[in-house]
Every structure is written in structure tokens, then in C-alpha cells.
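This report goes through one protein model, from its overall layout to single residues. Keep the sequence and the structure in view while reading.

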Amino acid sequence: MEEVVDIVVDFENYFPSMMERYGAKWLLRELRNELKLLIDGEREVIMFESLKTKSVMLGRSDMEDDEIVCMLSESDLDGDCALNQIENPKQAEEKKK
């Protein structure tokens with residue numbers, strides 16, 4: 001029988017202090033750059049497979065599949081299991097250009 005362990009994570013949101021220190025434009029640019037790393041090159045969306053592969057490349061080989069699914073579902077507005085240009089601010093900005 002598998003033991004279930006509850007883990008409490010103490011999360012501190014650094015966004016407000018980063019925005020105060022560097023400005024909103026800097027913070028949005030950094031977020032877009034980070035999202036660009038996660039996009040599936042062929043489909044131009046962020047999908048489970050691209051998150052799983054790239055999380056390993058970024059040193060997060062310990063991420064479980066259910067964590068990745070949870071990350072996607074939090075931003076997936078249309079339920080297609082992928083973050084498209086509307087759900088992904090980086091892609092939406094590029095499509096405007």
C-alpha cells in the first residue's frame with residue numbers, strides 16, 4: 001500500500017516586488033521569454049509533451065505528469081489540453097505584429 005504524505009509548500013509571490021523594482025514592461029518581457037521556451041515548435045502551442053520534455057531540459061525532471069496536467073488546466077480556457085495564442089500572452093502579442 002502506498003503511503004500518502006501531505007506536503008505544505010510555503011510560497012512567496014515575488015511578482016509585486018519584481019514589478020516595483022524592474023517595472024511592468026520588464027516583467028512582461030521576461031514572462032514572454034519564459035513562455036517561448038515551452039512552446040511546441042511545430043504546433044506553436046504549449047502542450048503536455050512540450051512541457052514534460054522541456055521541464056526535464058530546464059532541470060525539473062522531478063515533475064510528475066499530474067503536476068504538468070494541472071499547470072496546463074489552470075490556463076487552458078477552451079479545454080483542448082494546449083495553451084494557444086489567446087491563452088498564451090507571448091503568442092497573442094506576436095500575432096498582433
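## An aromatic pair

At 22% relative accessibility, Trp26 counts as partly exposed, because that value is not under the 20% that a buried residue needs. Tyr22, at 43% relative accessibility, is likewise counted as partly exposed. The model is a predicted one, and it holds one aromatic pair. That pair is made by Tyr22 and Trp26, with 4.4 Å from centre to centre. The planes of Tyr22 and Trp26 stand at 35° to each other, and the pair is classed as tilted.

## Overall layout

The protein has five helices and two strands. Read from the N terminus, the order of its elements is α-α-β-α-α-β-α.

The protein has 97 residues, of which 23% count as buried. Among contacts with a separation of 6 or more, 36% are between residues 24 or more positions apart.

## The nonpolar core

Eight residues make up the largest nonpolar core. They are Leu38, Ile39, Ile46, Leu51, Met63, Ile68, Leu72 and Leu83.

Leu72, a member of this core, can be followed further through its contacts. With neighbours within four places in sequence left aside, Leu72 is in contact with Ile46, Met47, Phe48, Leu51, Cys81 and Leu83. Among these partners, Ile46, Leu51 and Leu83 belong to the largest nonpolar core as well.

## The largest pocket

The largest pocket has a volume of about 570 Å³. It is lined by 21 residues, and those closest to its centre are Leu35, Leu38, Met71, Ser75 and Leu83. Leu38 and Leu83 are also part of the largest nonpolar core.

Which helix supplies the largest share of the lining of the largest pocket? It is helix 2, with seven residues. Helix 2 covers residues 24–38, and helix 4 covers 65–75; each of the two supplies at least two residues of this lining. Sorted by class, the lining of the largest pocket consists of 14 nonpolar, two polar and five charged residues.

## The second largest pocket

The volume of the second largest pocket is about 210 Å³. Its lining is formed by Leu38, Leu51, Ser55, Leu58, Arg60, Met63, Glu67, Ile68 and Met71. Leu38 and Met71 are also among the residues closest to the centre of the largest pocket.

Helix 4 gives the most to the lining of the second largest pocket, namely three residues. Helix 3, which spans 48–57, and helix 4 each supply at least two. By class, this lining has six nonpolar residues, one polar residue and two charged ones.

## Two residues with positive phi

Glu44 is not a glycine, yet it has a positive phi of about 55°. Glu44 sits in the loop between helix 2 and strand 1, the strand of residues 46–47. With 44% relative accessibility, Glu44 counts as partly exposed.

Cys81 also has a positive phi without being a glycine, in this case about 65°. The loop that holds Cys81 runs between helix 4 and strand 2, the strand of residues 82–83. Is Cys81 buried or exposed? Cys81 counts as exposed because its relative accessibility is 52%, and the class of exposed residues begins over 50%. Cys81 is in contact with Leu72, one of the residues of the largest nonpolar core.

## Links between parts of the chain

Phe15 lies in helix 1, which is made of residues 15–22. With neighbours within four places in sequence set aside, Phe15 is in contact with Leu27 and Leu31. Phe15 and Leu27 are twelve residues apart in sequence, and their C-alpha atoms are 8.1 Å apart in space. Phe15 counts as partly exposed, at 40% relative accessibility.

Lys36 has its place in helix 2. Its C-alpha atom is separated by 9.0 Å from that of Ile46, which is ten residues away along the chain. Lys36 has a relative accessibility of 46% and therefore counts as partly exposed. Ile46, by contrast, is part of the largest nonpolar core.

Technical notes: Residues numbered from 1 in each chain as written. Predicted model: local features only at pLDDT ≥ 70, side-chain atom pairs only at ≥ 80, totals over all residues. Heavy atoms only, no water. Core = buried A, V, L, I, M, F, W, Y, C linked by side-chain atoms within 4.5 Å. Buried < 20%, exposed > 50% of the residue type's maximum accessible area, 1.4 Å probe, protein only. Contact = heavy atoms within 4.5 Å. 1 Å grid on protein atoms, 1.4 Å probe; cavity = no way out; pocket = protein on both sides within 12 Å on 5 of 7 lines; lining within 4 Å. Points joined across faces, edges and corners; volume = space filled by probe spheres on them. Helix = DSSP H or I, 4+ residues; strand = E, 2+ residues; numbered from the N terminus. Nonpolar A, V, L, I, M, F, W, Y, C, P; charged D, E, K, R; others polar. Phe/Tyr/Trp six-rings, centres within 6.5 Å; stacked < 30°, edge-to-face > 60°.
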